[in-house]
Amino acid sequence: MTNEVVIKTDKLTKRFGDFIATNEITFDVYAGEIFGFLGANGAGKTTAMKMLCGLSTPSSGNAAIAGFDIYKQSESIKKNIGYMSQKFSLYEDLTVIENINFFGGIYGMSDKQLNEKRENLIETLGLKNEAKKLVGSLPLGWKQKLAFSVAIFHEPKIVFLDEPTGGVDPVTRRQFWDLIYAASDRGITIFVTTHYMDEAEYCNRVTMMVDGVIKALDTPTKLKEQFSATTMDEVFFELARGAKRKAD
Amino acid sequence: MRTLKFLLQKEFRQIFRNTSILRMIIAMPIIQLLVMPLAADFEIKNINISIVDHDHSSYSQKLIEKIIASGYFKMNDYSNSFNQSFLEFQKDKSDLVLEIPKNFEKELVRENESNLFIAVNAINGTKASVGSAYLSRIISNFNSDIRLDWMQPQKFNQTPTIEIATLNWFNPFLNYPFFMVPGILVVLVTMVGAYMCALNIVKEKEVGTIEQINVTPIKKYHFILGKLIPFWVIGIFIFTLGLFGVARLVYHIVPAGSMLVLYSFLSIYLIALLGIGLIISTYSDTQQQAMSLAFFAMMIFMLMSGLFTSVDSMPEWAKWIARCNPVTYFIDVVRLVVLKGSGFADIKNQFLIMTGMAIFFNGWAVLNYKKTS
Amino acid sequence: MKQFLTFVRKEFYHVFRDPKTLLLLFGMPIAQIILFGFALTNEIKNSNIVICDYANDIASQRIIDKIEASKSFDIKKTILSHQEIEAAFKTGKVKLVIVFPTNFNNELLHLNKAQVQIIADASDPNTASTLTSYASNIIMDYQKELMKNASAPLRINTDVRMIYNPELKGATNFVPGVMALVLLLVCVLMTSVSIVKEKETGTMEILLVSPFNPILVIISKAVPYFFLSLVNLTLILVLSVTLMDMPMNGSYLLLYLASALLILTALALGLLISNSTDSQQSAMLISLMGMLMPTMLFTGFMFPLENMPMPLQYIANAIPSKWYYIIVKSVMIKGLGIASVWKELLILTGMTLFLLVVSIKKFKIRLA
């Protein structure tokens with residue numbers, strides 16, 4: 001983790017009519033860190049992430065992602081980030097190879113780069129036998145790992161992961177986090193939302209959102225100290241007990 | 001540009017992998033093109049007529065013979081009783097009832113005048129007018145015939161006769177499929193193009209992959225071109241298959257005009273049409289919605305295009321709707337070029353309007369499509 | 001029963017909460033009625049024709065006046081050469097040209113024979129033959145006039161009476177057809193897509209897992225469309241009877257009965273289609289592309305069925321809307337009762353039962 005700030009937000013707010021989804025959230029994310037964005041369903045995590053990715057325009061406040069302004073330079077932001085959505089993001093009716101080629105190509109990778117990196121990726125994920133199969137036929141765990149790898153294929157500065165390990169078995173989850181660590185070691189900043197509290201332990205720093213507001217922002221260790229808790233679960237209960245909003 | 005190449009690769013792969021849909025969008029138009037022109041025939045033939053003959057004279061016999069010999073009418077029943085024939089008429093077994101009064105021949109000879117009564121089933125107004133027009137003409141001719149026979153040879157042709165010479169240009173045999181096939185082809189290509197395009201984009205919205213695209217640096221116009229081009233190609237393919245496959249091989253329709261002119265117009269038309277499909281997709285979140293909007297639009301387009309009923313016969317307000325309908329222009333152009341060999345100069349106006357429409361619809365779609373909400 | 005109503009209520013919510021689908025459901029019939037009633041017609045009106053009058057005498061003038069008086073023609077008088085006529089046809093702006101030769105009246109009076117030329121753009125054979133026929137009749141009328149004045153012997157007069165629709169309104173022919181089209185298409189489309197949608201999104205599995213006979217699940221999907229279609233029907237009836245002077249001379253009960261039958265047929269068809277595909281796209285393609293044109297053509301309101309080659313007439317017999325169309329015409333326009341339409345009703349009932357049995361069987365097979 002370095003001291004370079006890759007995501008800087010200042011009172012970022014999103015309103016839907018009278019409903020304030022995120023209320024003046026302010027935080028910094030440093031290059032190379034694994035930044036966990038925790039919270040109950042309905043707390044505003046996905047809304048926050050969508051703003052940072054350029055999928056949604058903030059109602060007020062400022063932010064800079066990879067040095068680019070969130071309002072005026074959203075296309076430049078997009079060149080420098082990767083994204084893995086909650087709903088599945090690869091094309092089920094294309095093969096593994098075709099999906100990789102497609103996403104690599106639209107991020108501007110040359111054919112040579114593509115071929116090299118693709119072979120590497122397939123090797124690393126152990127998908128050699130499945131490379132020509134339609135993605136729709138793969139089991140969920142493999143799809144998730146593939147989706148993540150495709151999201152960072154073009155070596156973006158930051159990758160946004162929205163609840164990436166939903167519905168996946170513990171072994172696969174562990175493997176998934178191995179991939180995240182490897183990416184972090186390479187210098188990619190990981191911004192991940194989750195409500196699996198044990199995953200919070202894997203992050204460098206976490207924030208906890210409740211009712212659209214950031215209630216905590218620190219390393220897991222320090223938070224557990226602060227709330228005299230032994231697990232992040234307990235920290236979460238402490239903070240989220242008074243939450244008024246229940247569902248996303 | 002590379003981005004576009006990747007987008008197109010993906011789109012074509014997805015379309016061709018969906019074999020059931022692919023088969024449908026090719027087979028259905030072809031089958032319909034084969035069957036429908038045979039059905040869409042306005043010519044009034046086989047009109048059923050009931051004849052009530054109270055006279056039983058040689059004149060009435062001759063008249064009846066002439067009516068049947070004309071080939072337009074099929075005699076459903078022949079009787080003495082009007083009520084009986086009217087029953088058949090009510091049951092839709094006959095379309096006309098001709099009543100020849102008692103003493104028809106006698107009155108003609110003695111008083112120089114006699115009346116025939118014709119009842120016409122006018123539920124189908126056109127059939128009624130045309131049917132009664134045919135019958136009137138046959139009766140007229142019969143009238144001239146008996147007059148000629150009646151008059152002494154020295155006094156032949158006392159009355160002035162006008163001879164009408166009819167010339168039918170471009171389609172001398174009045175072949176109906178000739179006229180209907182190009183029009184039906186246009187409608188089929190239109191349906192496939194617009195539906196498929198709209199549904200395709202909305203499906204990505206429903207499934208979620210569109211979010212993934214919106215997050216990338218793909219420009220709006222790349223994405224839209226990536227969606228338009230494959231369906232543009234498919235549209236041209238189906239049109240070609242229909243024109244040179246079905247129309248030529250089955251109906252022996254050989255286009256009289258320049259293919260360059262036709263295909264240039266087709267290209268612009270498809271762009272305009274797919275633009276409409278795009279607009280529909282930007283206003284829909286689910287496939288069901290897209291389908292509802294598309295169906296509604298297509299229905300109106302089809303009815304107001306001049307395919308089955310002529311635009312000239314519409315009231316002024318309806319003509320304006322027809323003028324805003326891209327299908328109207330293409331059907332017009334297809335008929336002009338294929339059947340009459342019209343050239344570029346003849347369809348200049350249609351060309352300009354279609355280009356305007358293409359720009360308008362696609363511009364609207366591009367403006368509406370937002371990567372960020 | 002209570003559970004069934006729960007399902008039905010959910011289906012009603014689905015329908016009413018989607019304004020775009022409602023647009024189709026109600027907007028389309030209204031649009032069709034208005035278009036068919038006021039804009040679309042088989043009549044040929046306002047056709048542009050050119051008259052080349054080389055004669056310019058009393059006879060040609062008289063005939064031209066008569067032609068001008070007819071609504072079928074919009075005339076322009078100008079002299080065109082053969083090439084110019086061809087060019088005019090090629091722009092699509094002129095449909096017919098009538099040519100009067102130079103000494104028309106003189107020849108008529110002194111030689112008792114004169115020729116008029118009618119040149120038709122026969123690329124549209126229907127318009128061409130109709131216009132030719134109308135123009136010929138007008139010329140024949142003039143000839144009759146001449147003969148009457150000359151006191152010709154043996155004059156046959158015809159008294160023509162138009163029955164059921166004396167003003168030759170297009171609406172009487174079209175409205176029953178539109179009713180058939182709307183009821184059939186909308187129901188088939190909506191049912192098939194709605195069922196397939198549940199399959200696609202996976203919610204069908206949840207329904208099937210519930211302690212509930214799956215057949216009833218499916219029926220619950222059809223119920224809202226059944227009622228909405230009856231509402232649609234009422235809407236169409238009200239519009240056509242008030243705005244378009246569509247006659248309603250028969251029994252309402254009979255009409256609604258027959259309509260309910262057609263709706264059931266359509267729903268069964270929708271079910272059948274939904275069983276045959278897995279994606280909304282295909283369900284929609286089959287329902288729309290596969291059924292729109294055939295229904296329009298084979299119901300019998302756009303083109304007379306008797307004109308079609310025999311094999312096609314047999315196909316038409318398999319289209320439910322064809323029988324419904326006959327029933328509606330008989331009841332609404334002719335005011336006939338059940339005694340006259342029992343045969344068609346029976347056929348329609350038969351079709352409904354057949355489709356229901358086949359689709360339920362197929363549904364059961366898929367479940368197993």
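Domain bounds here come from an automatic or database domain assignment. Keep in mind, too, that this is a predicted model.

**Exercise 1. Take chain A apart into its domains and describe how the two domains meet.**

Solution.
- Step 1: get the bounds. Domain 1 of chain A is built from two stretches, 5–80 + 156–240, while domain 2 covers 91–148.
- Step 2: check the spacing. Going by C-alpha atoms, the centres of domain 1 and domain 2 of chain A are 26 Å apart.
- Step 3: count the contacts, using C-beta atoms within 7 Å as the cut-off. Domain 1 of chain A puts in ten residues and domain 2 of chain A five.
- Step 4: find the main contributor on the domain 1 side. That's helix α6 (residues 170–185) of chain A, which supplies four residues, the largest share.
- Step 5: sort that side by class. You get five nonpolar, four polar and one charged residues on the part of domain 1 that touches domain 2 in chain A.

**Exercise 2. Work out the strand order of the antiparallel sheet in chain A, and explain what is special about its edges.**

Solution.
- Step 1: read the order. Four strands of chain A make an open sheet, running β2-β1-β4-β5, with antiparallel pairing.
- Step 2: look at the ends. β2 (19–30) and β5 (68–69) of chain A each have a single partner strand, so one side of each has no neighbour in the sheet.
- Step 3: zoom in on one of those ends. β5(A) pairs with strand β4 (residues 60–65) of chain A through two bridges, in the antiparallel sense. In one of these pairings, Ile65(A) has Phe68(A) as its bridge partner.

**Exercise 3. Describe what chain B offers to chain A, and what chain C offers to chain B.**

Solution.
- Step 1: start with chains A and B. Their contact involves 22 residues from chain A and 18 residues from chain B.
- Step 2: name the elements on the chain B side. Those giving two or more residues are α1 (2–17) and α8 (209–215) of chain B. Of these, α1(B) has the largest share, seven residues.
- Step 3: sort the chain B side by class. The tally is four nonpolar, nine polar and five charged.
- Step 4: move on to chains B and C. Here 94 residues of chain B are in contact with 98 residues of chain C.
- Step 5: find the top contributor from chain C. Helix α6 (residues 125–149) of chain C gives the most, with 15 residues.
- Step 6: sort the chain C side. It has 50 nonpolar, 32 polar and 16 charged residues.

**Exercise 4. Trace the sheet that takes strands from both chain B and chain C, and find who sits opposite Ile118(C).**

Solution.
- Step 1: write the order. The five strands run β5(B)-β4(C)-β3(C)-β1(C)-β2(C) in an open sheet with mixed pairing.
- Step 2: mark the edges. β5 of chain B and β2 (73–77) of chain C each have just a single partner strand, so one side of each lacks a neighbour in the sheet.
- Step 3: add the twist. On average, neighbouring strands in this sheet are turned by 25 degrees against each other, ignoring direction.
- Step 4: follow the pairing across the chains. Strand β5 (residues 161–169) of chain B and strand β4 (residues 113–121) of chain C run parallel, joined by nine bridges. Among the pairs, Trp169(B) is matched with Asp121(C).
- Step 5: turn to the pairing within chain C. Strand β3 (residues 96–100) of chain C pairs with β4(C) in the antiparallel sense, over four bridges. Leu96(C) has Ala120(C) as its bridge partner.
- Step 6: answer the last part. Ile118(C) in β4(C) stands opposite Thr166(B), and Ile98(C) also stands opposite Ile118(C).

Technical notes: Residues numbered from 1 in each chain as written. Chains lettered and ligands numbered in written order. Predicted model: local features only at pLDDT ≥ 70, side-chain atom pairs only at ≥ 80, totals over all residues. Contact = placed C-beta atoms within 7 Å. Nonpolar A, V, L, I, M, F, W, Y, C, P; charged D, E, K, R; others polar. Pairing = 2+ DSSP bridges. Axes fitted to C-alpha atoms, helices over the stretch in contact; angles between N-to-C directions.
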